[in-house]
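Trainee: I should like to learn how to read the parts of a protein model and the way they meet. Could you guide me through one example?

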Amino acid sequence: MVNTAKPITIYSNRACPYAQRALIALYETGLEHELVEIPLPNKPSWYLDINPEGKVPALKYGDDILAESLVIAEFITDLSDKSFLPQDPLKRAQARFAIEFWGSKIVPILYRLLRVSDSAEIDTTTNELVEHLKRFNALLAAQSDGPYFFGDQYSLVEIVLSPFIGRLAPTVKFARINIPKTPELTRFHSWTAEILERPSFQKSSLSAEELYEKTEQLATKIRALA
């Protein structure tokens, strides 16, 4: 473990993909930290003093507290001597665009797949997902041949998106759809395979069975609110 100027406490929950971002960042950097597991949805009342919104993750650095997973993940990597983004401002912007694209275009479709049950709507949503994945594949291919977004450099892109890549397979299984193995998705499939084998992902992730169980529970909750 690598010591920091101030002690780090991370408040997390293993079932939450956003909290997993922070754990992956900590495991990749090797920064010494204390891990506090926050039960969801029955959060302890004292946790609202840490994060008034009651969400995970939250990070305490000395006496200062940070919230929001992307902010926390980037802060952790900034504390490290390791580099998780290139120095080139354009490359850094392209990394952040890839993160934003996944979050704004693909994540909502994955949640929609957990909600819809009509076969025609499932087909439409699946086609939309595949088209967005093809565009993401193009973003990957434009940067490098792999294995990661920036070639051999494991980056903030992988740290932030890994939790959602891990939940892609159980979502696809639940919706009973397939993501095709076409040339337009070759880079995407090889990239996801590398991510799922990364020790930091495996250490921070639920098992495949647990992920599928959580996916079913989330789908039930989403459909009840629809």
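**Two domains and their interface**

Mentor: Across the interface of domain 1 and domain 2 the rule finds two salt bridges. A salt bridge is a side-chain nitrogen of Lys or Arg within 4 Å of a carboxyl oxygen of Asp or Glu. Please note that this is a predicted model, in which local features need pLDDT of at least 70, side-chain atom pairs count only at pLDDT 80 or more, and totals for chains, interfaces and linings use all residues. Residues are numbered from 1 along each chain as its sequence is written, and side-chain values use heavy atoms, with hydrogens and water left out.

Trainee: Which residues belong to domain 1 and which to domain 2?

Mentor: Domain bounds come from an automatic or database domain assignment. Here, domain 1 covers 8-79 and domain 2 covers 89-225. Their centres, taken over C-alpha atoms, are separated by 22 Å. To the contact (heavy atoms within 4.5 Å), domain 1 gives 16 residues and domain 2 gives 20 residues.

Trainee: How is the area buried between domain 1 and domain 2 to be read?

Mentor: Buried area is the accessible area (1.4 Å probe) that two parts lose on being put together, summed over both. For domain 1 and domain 2 the value is about 1700 Å², and carbon and sulfur atoms give 60% of that area. On the side of domain 1, the residues that lose the most area to domain 2 are R14, Q20 and E28, which together make up 33% of what that side buries.

Trainee: With which residue does E28 form a salt bridge?

Mentor: Its partner is R198, and the closest N and O atoms lie 2.8 Å apart. This pair links distant parts of the chain, 170 residues apart: E28 is in helix α1, while R198 is in the loop between α8 (186-197) and α9 (199-204). Such labels follow a rule: helices (H or I, at least four residues) and strands (E, at least two) are DSSP runs, numbered from the N terminus. The side chains of R96 and E74 also meet in a salt bridge, at 2.4 Å from N to O. In the whole structure, a search finds seven salt bridges.

Trainee: Which helices supply the side of domain 1 that touches domain 2?

Mentor: At least two residues of that side come from each of α1 (17-29) and α3 (69-79). The largest share, nine residues, is supplied by α1.

Trainee: What do the UniProt features list for this chain?

Mentor: UniProt positions are given in the numbering used here, feature names are shortened, and annotations may be inferred rather than shown by experiment. An unreviewed UniProt entry lists "domain: GST N-terminal" at residues 6-84 and "domain: GST C-terminal" at residues 88-222. Residues 6-84 are 35% helix and 22% strand, whereas residues 88-222 are 77% helix and 0% strand.

Trainee: Where in the chain are the peptide bonds that are cis?

Mentor: One cis peptide bond runs from L40 to P41, with omega near 5°; P41 lies in the loop between β2 (34-37) and α2 (47-50). Another joins V56 and P57, with omega about 5°, and P57 lies in the loop between α2 and β3 (58-61).

Trainee: What is the sign of phi at E68, positive or negative?

Mentor: The phi of E68 is positive, about 80°, although E68 is not a glycine. E68 is found in the loop between β4 (64-67) and α3.
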